[in-house]
Amino acid sequence: MAKVEYREYRPEDAESFLRLHDSVFPRMSPEYWADWSRGQVTAAVALRDGEVVGAVPFQFRDFLIRPGVSVPVAWEYSVCTREDVRGTGVGSRLMEVAAEFLRGRCLAMMVYREDERSRAYRFYRRTGHEDLAYLTSWVREPAPVWPSAGVRRVAYAEFLEQQERAVDLFRSAYGNQAGYPPRFCGYYEVAVQTPQYEEVPLDLSVLQVPAEGSMRGYAIVGEEKLVPALHLLEIATEGSDLSVALPLLAAYADLATERGVPAHARLGGGSPYAPVLQALGFHPRARSRGGMMILGRVLDPEGLAEAAWRPSEATRGLEVTVWTPEREVILHGASGGEGRRLMLEMKESSLARLLLGRLDLTAALEMGLVTAPGACGADLAAVVDALPWARWAYHQLDFV
């Protein structure tokens, strides 16, 4: 049997890559892939006799790990291996090859994943990915809803003409959260050009609560035909105003009922709009019923620590090192010569969460998940302030 070759994707791999992709996922057209693969994307590929038998594609994105701190991340999507090589270690080797050529180009790999009991989820955990956020699916079957006066439905193209206002509303609603790509004028075009939208096309429209010459809030929705449902892709109101969100979400539920499909909304744990969904008769699904999460693998812990660290006078003379069973990492070097030293001890999973803004260090120290022998309270408090926990929002619009 021919030896498997592992390397980064090249344009000449397109034809056999698509053959593999289309055997596992809904078809992508060669024209779409040719255009998409010229952008901020790459892939790790495994080849046998010149044929792609395994692939881990990536899209490079900036990603907010906490408010005001954006880092480059490689998002994994459409990961696949040919049936005859599954279970032979091809997928794990692809991840290691990818980690090698991605270092220096991004700070972490991330992926959206469903079903914690699945083989695919266990694969990501084996390859160094750690759970970062758990997302709740809210579902409402078609049923009457009270009238939603004052809501206007527009085509996505018309919404794009109002992006400047949409970005302002989004930042007003989610500026104190993270867990998403930064919004900017132009993002709303590129967001719906990812392979997810090519593989599973959505009929997009936008619900708006208008204001004079503007809008007070919006909800982007998309109807899926493959598995019929009306998805809530993003909602934003000025200052997370629930009095504006209520008619928007009522109109969304009503539109789903009108089309005879269930309404599906996925939100992060801290979404301000969850209480409104509940009031409208949406039901949250348990994680055991296929809940989704964001997983991440840190590629450059020192680089990520440098990007994430919030400097202060209290940490200027403090050297902070993390010990895990696998390695030691310097999170912060003391400036101005010899300084104080602090060692934090934790598992790799805690290190990933700490660097990506998803570990409450104070709580972890109190619970014994992180230990710091001999550390003084003031130094620990300074590190807590330098690497704070952040609430993450999730918007299905961002799905790759």
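1. A quick definition to start: buried means under 20% relative accessible area, exposed over 50%, and partly exposed in between (1.4 Å probe, protein chains only). By that scale glutamate 116 is partly exposed, with a relative accessible area of 22%.

2. Some housekeeping: this is a predicted model, in which local features need pLDDT of at least 70 and side-chain atom pairs count only at pLDDT 80 or more, while totals for chains, interfaces and linings use all residues. Residues are numbered from 1 along each chain as its sequence is written, and side-chain values use heavy atoms, with hydrogens and water left out.

3. Back to glutamate 116: its partner in a salt bridge (a side-chain nitrogen of Lys or Arg within 4 Å of a carboxyl oxygen of Asp or Glu) is arginine 287, with the closest N and O atoms 2.8 Å apart. The two sit 171 residues apart, and the pair links distant parts of the chain. Arginine 287 is partly exposed too, at 42%.

4. A search of the whole structure finds 24 salt bridges. Asp203, Glu223, Lys225 and Arg259 are linked in a network of them. Within that network, glutamate 223 pairs with lysine 225 at 3.4 Å between the closest N and O atoms; glutamate 223 is buried, at 8%, whereas lysine 225 is exposed, at 57%.

5. Now the largest nonpolar core (buried Ala, Val, Leu, Ile, Met, Phe, Trp, Tyr and Cys residues joined through side-chain atoms within 4.5 Å): it has 116 residues, and Tyr218 and Leu331 are among those with the most contacts inside it. Another core, of 26 residues, lies apart from it and includes Phe60 and Val85.

Notes: Helix = DSSP H or I, 4+ residues; strand = E, 2+ residues; numbered from the N terminus.
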